[in-house]
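Reader: Please take a close look at one part of this protein, the nonpolar core, and describe what surrounds it.

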Amino acid sequence: MSETIDEKLKNYRTAPFDARFPNTNQTRNCYQNYLDYHRCNKALAAKDQDQTPCQWYMRVYKSLCPMSWVSCGTSALIVQS
């Protein structure tokens with residue numbers, strides 16, 4: 001059963017288990033998904049492609065990271081641009 005990215009995003013509830021981060025502390029998982037989101041956006045924007053697949057990473061890092069980190073990280077990223 002192959003689901004499209006739109007279906008996965010629609011059915012998304014919370015971050016799935018990631019075998020790279022088996023411990024209770026999910027700080028690295030949060031950071032990795034944050035980086036993956038911005039790398040994905042940058043790569044697809046450079047190729048003038050649809051950036052919808054990157055939304056998965058954004059939802060995962062927003063689910064895992066504390067809101068204070070999410071709001072600070074986004075504003076810091078905008079200032080650097």
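Author: A residue is called buried here when its relative accessible area is under 20%, exposed when that value is over 50%, and partly exposed in between. By that rule, 26% of the 81 residues in the protein chain count as buried. The model is a predicted one.

The chain has 4 helices and 0 strands, which read along the sequence as α-α-α-α. About 6,200 Å² of the protein chain is exposed, and 55% of that area comes from carbon and sulfur atoms.

Now the core. In soluble globular proteins, nonpolar side chains tend to be buried together. The largest nonpolar core of this chain has 10 residues: Cys30, Tyr34, Tyr37, Cys40, Leu44, Cys54, Met58, Tyr61, Cys65 and Val70. At least two of these residues come from helix 2 (27-46), and at least two from helix 3 (55-64). Helix 2 gives the most, with 5 residues.

Leu44, one of the core residues, touches Gln49, Asp50, Gln51, Pro53 and Cys54, leaving aside residues up to four places away in sequence. Cys54 is itself listed in the core.

Ser63 lies in helix 3. Ser63 counts as partly exposed because its relative accessibility is 33%, and the range for that class runs between 20% and 50%. The C-alpha atoms of Ser63 and the core residue Cys30 are separated by 8.4 Å, although the two residues are 33 apart along the chain.

For the chain overall, take the contacts between residues at least 6 apart in sequence: 58% of them join residues at least 24 apart.

Notes. Residues numbered from 1 in each chain as written. Predicted model: local features only at pLDDT ≥ 70, side-chain atom pairs only at ≥ 80, totals over all residues. Heavy atoms only, no water. Core = buried A, V, L, I, M, F, W, Y, C linked by side-chain atoms within 4.5 Å. Buried < 20%, exposed > 50% of the residue type's maximum accessible area, 1.4 Å probe, protein only. Contact = heavy atoms within 4.5 Å. Areas by Shrake-Rupley, 256 points an atom, 1.4 Å probe, with all protein chains shown as cover.
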